Amino acid sequence: MQKPAGAETNEMGCTLASMESAGEKQVFVFESENGLHWKETHKHRPFYQMPRGDMFWFILGHLLLLPLALLVLIATFLCLPLYYVWGKLKFQRAAQKVFHPEAQHILDTPGVNDAFIFGARDEARPYVSVVIPFYNREELVDWAVGSVLRSAVPMTMEVEIIAVDNGSTDNTVEQLKRHPIRIVHCAERGPGAARNAGIAASRGEIVVFTDSDCLCESDWLMRLVRPFVDPKMLITGGNIFSLFQDDFVATFTDKIGILNNRRFFAGSAYFPRFFATANAAYRRSALNTVGGFDNNLWMSEDADLAWRVLELGGKMAYVDNAVIYHQHRNTLRGLFSQAIDYGSASVAIFAKHRSRLEATAALSWRNVREIAWSPFALIVDPFVAKDAFGKKQEFFYLLWRLGFTIGTIRECIRRKVFFV
């Protein structure tokens, strides 16, 4: 991979290119040629270039930890009701939601950028198409659509917003009709199917994706699409923060990076780089070439799409200051359900691409270590933590790991693969 002039390499092994004014280097660029994004996952695997002696002790140590890890998972499952009651009694959630300060500013700022109204006309050929899928989100329509309409984009950059109704049974469609946007109906349920319907209806050279439970900063769109001035740029993604700041579960979700595009861009073992579609943009020609999203994947469909697009050979960029605010899960049940879904999705996408990853099985030693350490952290954290969240965070970790493990085991049986 050749570095552009004046660029430097960051800690993620990517080229760090300055595309911002005032010399701010907040755009990280990765270029994949000949399937490099598949091959680079090898360096994250535990046995990659490990001496044989170290490998022996590494395996022995983790085999000793594995029984303890399984006991912790079982104990967590049995103790969940007690933890739930303890949390309800000791830490009452605030009745009034506290928004992230920047998100509150977005909500308090009225106005619509005329570039969007012009870009929505039938005779226009917009440069950017923003696709937002909706399913029973009538209470969030004004937030999601309104924040995009308030984006600061130049009049020369025509933009259209395409809202995809994925079979809503509430008043979502009626709410959408109140805004200067295009509405597309998709009868086939699923995030991939909804976004594919949006892609088919879009006319922009760049297709931007966000979700119905997101708010975007005013300069989000302009920053996200700016790297596409490079003809080799295929994918960009931006930063994702929690919308609420007073909720323990949402805070935990933010902390472990469930929707952290910077972490996704770094890649990991058996999981190449990608961007969550809550904040991502693609070149339309690339989407057409690979056929869009896989409708059979209800989660990790964004990772699958990014991997297939990178096979074309080209660049992806992480834009740190292209920021949106996402409404994370805010209940224990929601967190546990999401963990199960993420575990299942990880196995499903590994099973689909394991030949490209050159792996017949996957084992996360880090997960084993963290589960085994959990009982000690569960005892220590309440005494050393300085705030209410710190006292409970290890419980959230246990809940997440338990759900993720259940999801992976269930999908491993179904797919007949080994992924832990």
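# Reading a strand, a core and some odd loops

Modeller: Let's start with strand E5: Val159, Ile161, Ala163 and Asp165 point one way, Glu160, Ile162 and Val164 point the other way, and all are buried. Keep in mind that this is a predicted model.

Biologist: Okay, why do the side chains split into two sets like that?

Modeller: Because in a regular strand, side chains alternate between the two faces of the sheet. E5 shows it nicely, with Val159 pointing one way and Glu160 the other.

Biologist: And is strand E5 enclosed or open?

Modeller: Buried means under 20% relative accessible area. Seven of the seven residues of E5 (residues 159–165) are buried, so the strand is largely enclosed by the rest of the structure.

Biologist: Which strands does E5 pair with?

Modeller: E5 runs parallel to strand E4 (residues 128–134), and seven bridges join the two. Look for Phe134, which stands opposite Asp165 in E5. E5 also pairs with strand E6 (residues 182–185), again in the parallel sense, over four bridges. There, Val164 has Val184 as its bridge partner.

Biologist: Can a helix be tucked away too? Which residues of H12 are buried?

Modeller: You check it the way you check a strand, by going through the residues. In H12, the buried ones are Glu301, Asp302, Ala303, Asp304, Leu305, Ala306, Trp307, Arg308, Val309 and Leu310. That's 10 of the 10 residues of the helix (residues 301–310), so H12 is largely enclosed by the rest of the structure.

Biologist: Let me zoom out. How many helices and strands does the chain have, and how much of it is buried?

Modeller: The chain has 15 helices and 13 strands. Of its 420 residues, 54% are buried. For contacts with a separation of 6 or more, 78% come from residues 24 or more positions apart.

Biologist: What sits in the largest nonpolar core?

Modeller: That core has 82 residues, and the ones with the most contacts inside it are Val128, Val130, Val208, Trp220, Leu221, Ile235 and Tyr282. Take Tyr282: leaving out residues up to four places away in sequence, it touches Glu205, Ile206, Val207, Phe209, Phe228, Leu234, Ile235, Leu287, Asp302, Leu305, Ala306 and Val309. Apart from this core lies another, of 15 residues, including Ile256, Phe389, Leu399 and Trp400.

Biologist: What about the outside? Which residues form a nonpolar patch on the surface?

Modeller: Ile379, Val380, Phe383 and Val384 do, with about 450 Å² of accessible area together. Ile379 sits in helix H14 (residues 365–384). Exposed means over 50% relative accessible area, and Ile379 is at 57%, so it counts as exposed. The chain as a whole exposes about 19,200 Å², with carbon and sulfur atoms supplying 58% of that.

Biologist: Last one: how do I read a phi angle?

Modeller: Start from the usual sign: most residues other than glycine have a negative phi. Then look at Asn34, where phi is near 55 degrees, a positive value in a residue other than glycine. Asn34 lies in the loop between strand E3 (27–32) and helix H1 (36–39), and it is exposed, with a relative accessible area of 70%.

Biologist: And what is phi at Asn136?

Modeller: Positive, about 50 degrees, although Asn136 is not a glycine. You'll find Asn136 in the loop between E4 and helix H5 (141–149). At 25% relative accessibility, Asn136 counts as partly exposed.

How values were computed. Residues numbered from 1 in each chain as written. Predicted model: local features only at pLDDT ≥ 70, side-chain atom pairs only at ≥ 80, totals over all residues. Heavy atoms only, no water. Patch = residues over 30% accessible without salt bridge, like charges linked within 9 Å, V, L, I, M, F, W, Y side chains within 5 Å. Areas by Shrake-Rupley, 256 points an atom, 1.4 Å probe, with all protein chains shown as cover. Salt bridge = Lys/Arg side-chain N within 4 Å of Asp/Glu carboxyl O. Buried < 20%, exposed > 50% of the residue type's maximum accessible area, 1.4 Å probe, protein only. Core = buried A, V, L, I, M, F, W, Y, C linked by side-chain atoms within 4.5 Å. Contact = heavy atoms within 4.5 Å. Pairing = 2+ DSSP bridges.
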